[in-house]
Amino acid sequence: ANVAEALGTDAFSLKRSLTTRTITSGIQRRMSTITVPLDYVQAMYTRDALAKALYERLFNWLVGKINSGLRRATGKEDNHDLFVIGLLDIYGFEIFEHN
């Protein structure tokens, strides 16, 4: 429930999103929607995709906050030479058994 709250949803909706997929076909009056349960492997891929999307958004938010703070500290919008903080997101470390 805490994870669902942090994502701005309820636990039931989060569980449904991670364990089913919804297929919609047709248009207007002929539209139909089918909800299909995911198997274990598909659910794992869905979970991993959500985790990667959250990580990407958090990383981009952090970079934006740092850049915004640096601009305020210098008082200049276009001067990138005064302060530089490098952030490196190394893709692939998540596949190691021990990071």
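A salt bridge is a side-chain nitrogen of Lys or Arg within 4 Å of a carboxyl oxygen of Asp or Glu. I wrote that down before counting, and I noted that this is a predicted model.

**Entry 1: salt bridges**

I found that the structure holds 1 salt bridge. Asp48 forms it with Arg47, and their closest N and O atoms are 2.9 Å apart. That distance is within 4 Å, so the pair counts. I then looked up how well each partner is covered. Asp48 has a relative accessibility of 31%, so I entered Asp48 as partly exposed. Arg47 is also entered as partly exposed, at 45% relative accessibility.

**Entry 2: the overall layout**

How many helices and strands does the chain have? I counted 3 helices and 2 strands. Going along the sequence, I read the pattern α-α-β-β-α. I recorded two positions by element: Thr20 is in strand β1, and Met44 is in helix α3.

I also looked up totals for the chain. There are 99 residues, and 9% of them count as buried. The accessible surface of the chain is about 8900 Å², with 58% of that area belonging to carbon and sulfur atoms. For contacts between residues at least 6 apart in sequence, I noted that 24% join residues at least 24 apart.

**Entry 3: Thr20**

I went to strand β1 to look at Thr20. A polar atom of the Thr20 side chain lies 2.6 Å from the backbone oxygen of Arg16. Which residues does Thr20 touch, leaving aside neighbours within four places in sequence? I listed Thr35, Val36, Pro37 and Leu38.

**Entry 4: Gln28**

Gln28 is in the loop between β1 (20–25) and β2 (32–37). I looked up the backbone angle there and found a positive phi of about 45°, although Gln28 is not a glycine. I wrote this one down because most residues other than glycine have a negative phi. Is Gln28 buried or exposed? The relative accessible area is 73%, so I entered Gln28 as exposed. The cut-off for exposed is over 50%.

**Entry 5: helix α3, aromatic rings**

Helix α3 covers residues 40–74. I searched the structure for aromatic pairs and found 1. Tyr55 and Phe59 form this pair, with 6.3 Å from centre to centre and 20° between the planes, and the pair is stacked. The two residues are 4 apart in helix α3, which means that about one helical turn separates Tyr55 from Phe59. Tyr55 counts as partly exposed, because its relative accessibility is 45%.

**Entry 6: helix α3, a nonpolar patch**

Which residues form a nonpolar patch on the surface? I noted Leu58, Trp61, Leu62 and Leu87. Together they have about 400 Å² of accessible area. One of them, Trp61, is found in helix α3.

**Entry 7: Met44 and Leu18**

My last stop was Met44, another residue of helix α3. Met44 has a relative accessible area of 28%, so I entered this residue as partly exposed. How far apart are Met44 and Leu18, in sequence and in space? They are 26 residues apart in sequence, and their C-alpha atoms are 8.3 Å apart.

Methods
Residues numbered from 1 in each chain as written. Predicted model: local features only at pLDDT ≥ 70, side-chain atom pairs only at ≥ 80, totals over all residues. Heavy atoms only, no water. Buried < 20%, exposed > 50% of the residue type's maximum accessible area, 1.4 Å probe, protein only. Patch = residues over 30% accessible without salt bridge, like charges linked within 9 Å, V, L, I, M, F, W, Y side chains within 5 Å. Areas by Shrake-Rupley, 256 points an atom, 1.4 Å probe, with all protein chains shown as cover. Contact = heavy atoms within 4.5 Å. Polar contact = N/O pair within 3.5 Å; in protein donor to acceptor, adjacent residues only side chain to side chain. Phe/Tyr/Trp six-rings, centres within 6.5 Å; stacked < 30°, edge-to-face > 60°.
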